[in-house]
Amino acid sequence: MASLLKATRRLGAIAHSLNPSFIGHRYNTTMASKPIMLYTAGTPNGRKVSILLEELKAAYGLEYEYKKIEMGKNEQKEPWFIAMNPNGRIPVIVDRARDNFAVFETGAILLYLEEHYDKEGRFSFDPKTQPNECSEVVQWMFWANAGLGPMMGQAGHFKNAAPEKIPYAQNRYIDETKRLLGVLEIRLKDREYLVGEKVSVADINAWTWVAGHKFVGVDSIDEWPGVKRWFDRIAARDAVKVGFAIP
Ligand SMILES: N[C@@H](CCC(=O)N[C@@H](CS)C(=O)NCC(=O)O)C(=O)O
């Protein structure tokens with residue numbers, strides 16, 4: 001095990017020292033000029049990143065390419081992937097324009113893309129002039145990534161994937177999901193977006209989970225009208241439609 005870990009680390013070091021990237025070479029040398037390479041799958045976490053990348057593409061012309069990770073074959077646990085993300089989960093981005101810098105964890109990826117590629121602050125706020133909005137973005141992102149995502153993920157697991165039906169676990173996570181949708185409702189009942197008056201990374205980060213409500217066992221979000229209005233408003237965006245369909 002220790003030697004496997006060592007070999008994995010060595011592979012990671014080699015991958016990051018090569019330019020053009022080992023990763024780009026492995027999959028698609030012809031498109032290696034596109035600055036962002038996204039490793040993803042069709043899940044709420046993967047879609048957050050493809051949606052923001054589509055928004056940045058529409059706003060600034062940022063180009064990216066993506067590779068679908070075969071989660072059914074555990075491709076995300078292979079050494080080349082672990083070299084980018086020791087956590088062995090999608091999504092990951094590699095920024096070819098910044099020396100193949102790899103970023104994992106959706107919250108970190110969205111904030112990274114915002115910092116480096118949202119220069120006009122179209123999906124973010126100015127830390128100098130809008131420090132409270134910046135803090136609120138972080139608050140809602142931490143809230144979603146520590147609460148909404150994990151709870152809905154577990155609800156989905158016990159509903160769709162667990163080898164045995166465990167009513168206690170199913171109820172626990174579905175009830176927690178509903179409680180968290182209620183928290184979103186408090187925030188959204190009289191406002192259009194989670195922070196400020198425009199769609200931001202905070203909205204995109206939470207929206208893909210809400211989009212998965214049926215899969216985890218919440219048949220409808222009509223019970224939370226503010227959430228429903230917000231959900232529909234974001235769903236209507238062209239970049240959201242395109243990003244949601246990736247990969
Ligand atoms: N906290 C992580 C969660 C990532 C995550 O759970 N990804 C799932 C797909 S949505 C995954 O890769 N699952 C495969 C596995 O666990 O091996 C993030 O926000 O990026």
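Strands β3 and β4 are joined by four bridges and run antiparallel. In this predicted model, Ile-93 stands opposite Val-103 in β4. The hairpin formed by β3 and β4 has five residues between the strands. Asp-99 is found in that loop between β3 and β4. Its phi is near 60°, a positive value in a residue other than glycine. Most residues other than glycine have a negative phi, and most peptide bonds are trans. Asp-99 counts as exposed because it has 11 C-beta neighbours inside 10 Å, and the limit for that class is 12 or fewer.

Strand β3 also pairs with β1. Four bridges join β1 (residues 36–40) to β3 (residues 92–95), and the two strands run antiparallel. Here Leu-38 stands opposite Ile-93 in β3. Ile-93 thus has a listed partner in each pairing: Leu-38 and Val-103 in β4.

The whole sheet is open and contains four strands in the order β2-β1-β3-β4. Its pairing is mixed. The edge strands are β2 (64–68) and β4, each of which pairs on one side only. From one strand to the next, the twist averages 20°. In a regular strand the side chains alternate between the two faces of the sheet.

Val-103 lies in the edge strand β4, which spans residues 101–104. Val-103 is buried, because 22 other C-beta atoms lie within 10 Å and the threshold is 20 or more. Residues up to four places away in sequence aside, Val-103 touches Val-92, Ile-93, Ala-108, Ile-109 and Tyr-112. The C-alpha atoms of Val-103 and Asn-85 are separated by 7.7 Å, although the two residues are 18 residues apart along the chain.

Helix α3 (residues 44–60) lies across β1, β2 and β3. It runs at about 155° to β1. Helix α3 also approaches helix α5 (residues 106–117): their axes come within 9 Å and cross at roughly 10°. That angle makes α3 roughly parallel to α5, because angles under 35 degrees fall in that class. On the α3 side, the contact involves Asn-45, Lys-48, Val-49, Leu-52, Leu-56 and Tyr-60. These meet Thr-106, Ile-109, Leu-110, Leu-113 and Tyr-117 in α5. The residues of the contact divide into eight nonpolar, two polar and one charged. Ile-109 of α5 is also one of the residues touched by Val-103.

A second helix pair has another geometry. Two packed helices are described by the angle between their axes and the distance between the axes. Helix α7 (residues 167–188) and helix α10 (residues 225–235) pack at an angle of about 80°, with their axes 7 Å apart. This makes α7 roughly perpendicular to α10, because the class covers 65 to 115 degrees. Leu-181, Leu-184, Glu-185 and Leu-188 of α7 make the contact with Gly-226, Val-227 and Trp-230 of α10. By class, the contact has five nonpolar, one polar and one charged residues.

The ligand is surrounded by residues from several parts of the sequence. Its shell consists of Thr-43, Pro-44, Asn-45, Met-71, Gln-76, Gly-88, Arg-89, Ile-90, Glu-105, Thr-106 and Asn-145. By class, three of these residues are nonpolar, six are polar and two are charged. Asn-45 and Thr-106 belong to the shell and also take part in the contact of α3 with α5.

Ile-90, one of the shell residues, precedes a cis peptide bond. The bond from Ile-90 to Pro-91 has omega near 0°. Pro-91 is found in the loop between α4 (79–82) and β3. A cis peptide bond also links Ile-246 to Pro-247, with omega near 10°. Pro-247 lies in the segment after α11 (238–244).

Asn-74 is found in the loop between β2 and α4. It has a positive phi of about 55° although it is not a glycine. Asn-74 is exposed, with 11 other C-beta atoms within 10 Å.

Over the protein chain, the secondary structure comes to eleven helices and four strands. Of its 247 residues, 38% count as buried. Among contacts with a separation of 6 or more, residues 24 or more positions apart account for 69%.

How values were computed
Residues are numbered from 1 along each chain as its sequence is written. This is a predicted model: local features need pLDDT of at least 70, side-chain atom pairs count only at pLDDT 80 or more; totals for chains, interfaces and linings use all residues. Two residues are in contact if their C-beta atoms, placed from the backbone, lie within 7 Å. Two strands pair if DSSP finds at least two bridges between them. Axes are lines fitted to C-alpha atoms, for helices over the stretch in contact, and angles run from 0 to 180 degrees between N-to-C directions. Angles under 35 degrees count as roughly parallel, over 145 as roughly antiparallel, 65 to 115 as roughly perpendicular and the rest as oblique. Ala, Val, Leu, Ile, Met, Phe, Trp, Tyr, Cys and Pro count as nonpolar, Asp, Glu, Lys and Arg as charged, and the others, Gly among them, as polar. A residue is near a molecule or strand if its C-beta atom, placed from the backbone, lies within 6 Å of it.
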